[in-house]
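Biologist: I would like to learn how to read a few features of a protein model, one at a time. Please give the general idea and then the case at hand.

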Amino acid sequence: MEDFPLNRVILYDIDNERQNPIGGFGKILFKEEAPGVKFLYTSDKETAYKDVDFVFCQMRTGGYPMREKDEKIPLSFGIIGQETCGPGGFAYGMRSIRDMIQMADDVRKYSDAWIINYTNPAAIVALALSKAFPDDKKILNICDQPVNLLRSYGRAIGYDYKKLDPRYFGLNHFGWFTHIYDEFGFDIAPKIKEAILSNGFKPADAEQRDESWLDTYAVVKDMLMDFPEYLPNTYLQYYLYPEYKAAKLDPNFTRANEVMKGREKKVFEECERAIEIGSTKDSAIVHNDAHGDMILEVAISIAKNLQKTYILILPNKGIIGNLPDDAMVETAASLGAGGVSPYAVGNIDTFYKGLIENQYAFEKLTVEAYFEASYTKALAALTLNRTVVDAKKARKVLDALIEANEGYWPKLL
């Protein structure tokens, strides 16, 4: 409240049954912690969006049952099953586009709010939104994984991550930190690399993470040993080591199952318990994390015109000199009331350029496949993706995903 004084917070969802325990918990939480704030939850669009300043958006079209299919269908063909990478990310993206466009349309009917979007797969969603709303400067796409990595770098060298000033380039879930400056302007990226190569790498909140995430972070050491120039985003391992990663995934119990049986179950049980006793004071689920902190910090930087540096997803337009202008790149930028001011990256070397152009071609073809309802472009997208790279495999997994996503995707012709 000191940094971001609010007078109204509204939770909006289309699923009343799922929202009720979360809303009930929130009602008690705000009464106890910020009684001056009007808090409500609703499934009415006008109530949610009218006269608001910020819309924080994250949606999962089809819920966790569809995520489970995104992961298990590719694995049944020996291809990586992951919610934002490869065929799973393609399927999730094709589902997300329709509802994200509808959400932005709904917001614009009732307000000129900043739309700060966390919906995955963020690269595909950002590209689709830029195509659907080319002149809307108040839609901002962000991802918390770079901040999760900064927190983890801080843990690796015993340093306060909030003092780190990063430089980064790439696409969402497909990028590299080139420099990480401390508060005195010294690049401490070499020190971070040394620590990871010597001691391995863990997430900042390793004690709270599932085993799959611990393995995901551990492979950063392998990527640094192979490609030591920059600090990689964890998700790059799915593209650099697709056979290894596919072999490590359990086709019968994926990350979706892990979440449904773990974190999700725990959250809803805790909400029900708090509602039953009428207090959130001893709740184990109310704590700060990178995801929640970042989305608020971004809004604060806009509201107070702080011009702080964040890693954001933006139209390239020359930021990376030798990539297409229409690519939605992820890069460091200052952020204030007038919007974003990205930091120029310049030209990138052949290895990174080749990887990014291949991934961007996949993303662009995916978005075009959606808007044009094109089977051919969908097949081309999956054939290009580094987790597939085989047109016969691409056709098989695409046909299976089309069947599983009936009613969610446009009919591909």
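Modeller: We will go through a helix, some single residues, the empty spaces and the backbone angles. Keep in mind that this is a predicted model.

Biologist: Let us begin with helix α6. What should its 13 residues span, and how far apart are its end C-alpha atoms?

Modeller: The general idea is a fixed rise of 1.5 Å a residue. Helix α6 covers residues 145-157, so the expected span is 18 Å. The end C-alpha atoms are 19 Å apart, which agrees with that.

Biologist: How many residues of α6 are buried?

Modeller: The cut-off for buried is under 20% relative accessible area. In α6, 11 of the 13 residues are buried, so the helix is largely enclosed by the rest of the structure.

Biologist: Which residues of α6 are they?

Modeller: A general point comes first. An α-helix has 3.6 residues a turn, so residues three or four places apart point the same way. In α6 the buried set is Q145, P146, V147, N148, L149, L150, R151, S152, Y153, G154 and I157.

Biologist: What follows α6?

Modeller: G158 follows, and its phi is positive, near 65°.

Biologist: Now a single residue. Where is Q19, and is it buried or exposed?

Modeller: Q19 sits in helix α1, which runs over residues 16-33. Its relative accessible area is 5%, so Q19 counts as buried.

Biologist: What lies 3.0 Å from a polar atom of the Q19 side chain?

Modeller: That is the backbone oxygen of L11. With neighbours within four places in sequence left aside, Q19 is in contact with L11, Y12, D13, Y41, T42 and S43.

Biologist: How does V259 read in terms of place and accessibility?

Modeller: V259 belongs to helix α11, residues 255-261. Its relative accessibility is 7%, so V259 is buried. Outside its neighbours within four places in sequence, V259 touches Y64, R67, E264 and K265.

Biologist: How far apart are V259 and D210 in sequence and in space?

Modeller: They are 49 residues apart in sequence, while their C-alpha atoms are 8.8 Å apart.

Biologist: What about a loop residue such as S279? Is S279 buried or exposed?

Modeller: S279 is in the loop between α12 (263-277) and α13 (290-303). Its relative accessible area is 18%, and the limit for buried is 20%, so S279 counts as buried.

Biologist: With which side chain does the side chain of S279 make a polar contact?

Modeller: The partner is the side chain of E32, at 2.8 Å. Leaving aside neighbours within four places in sequence, the contacts of S279 are I28, E32 and A274.

Biologist: How many cavities of 30 Å³ or more does a search of the whole structure find?

Modeller: The idea is that rolling a probe the size of a water molecule over the atoms shows where empty space is left. Here the search finds one cavity of 30 Å³ or more. The largest cavity has a volume of about 80 Å³.

Biologist: Which residues line the largest cavity?

Modeller: The lining is T84, P121, A122, A123, I124, N172, H173, Y239, Q359, F362 and E363. Helices α5 (122-132) and α14 (350-372) each supply at least two of these residues. By class, the lining has six nonpolar residues, four polar and one charged.

Biologist: What is the volume of the second largest pocket, and which residues are closest to its centre?

Modeller: Its volume is about 550 Å³. This pocket is lined by 24 residues, and D136, K137, I139, P315 and K317 are the closest to its centre. The elements giving two or more lining residues are α5, β5 (139-142), β9 (308-315) and β11 (339-342). The lining divides into 14 nonpolar, five polar and five charged residues.

Biologist: Last, the backbone. Which residues does a cis peptide bond join?

Modeller: The bond is between N120 and P121, with omega about -10°. P121 lies in the loop between β4 (114-117) and α5, and P121 is also among the residues that line the largest cavity.

Biologist: Which residues have a positive phi although they are not glycines?

Modeller: Q307 is one of them, with a phi of about 55°. Q307 is in the loop between α13 and β9 and is partly exposed, at 37% relative accessible area. A373 is another, with a phi of about 50°, in the loop between α14 and α15 (375-384).

Terms used: Residues are numbered from 1 along each chain as its sequence is written. This is a predicted model: local features need pLDDT of at least 70, side-chain atom pairs count only at pLDDT 80 or more; totals for chains, interfaces and linings use all residues. Side-chain values use heavy atoms; hydrogens and water are left out. Helices (H or I, at least four residues) and strands (E, at least two) are DSSP runs, numbered from the N terminus. The expected span of a helix is 1.5 Å times one less than its number of residues. Buried means under 20% relative accessible area, exposed over 50%, partly exposed in between (1.4 Å probe, protein chains only). A polar contact is a pair of N or O atoms within 3.5 Å; within protein, one must be able to donate a hydrogen and the other to accept it, and residues adjacent in sequence count only if both atoms are side-chain atoms. Contact means heavy atoms within 4.5 Å. On a 1 Å grid over the protein atoms alone, a cavity is a set of points where a 1.4 Å probe fits but cannot get out, and a pocket is an open set with protein on both sides within 12 Å along at least five of seven lines; lining residues have an atom within 4 Å of a point. Grid points are joined across faces, edges and corners, and a volume is the space filled by probe spheres set on the points. Ala, Val, Leu, Ile, Met, Phe, Trp, Tyr, Cys and Pro count as nonpolar, Asp, Glu, Lys and Arg as charged, and the others, Gly among them, as polar.
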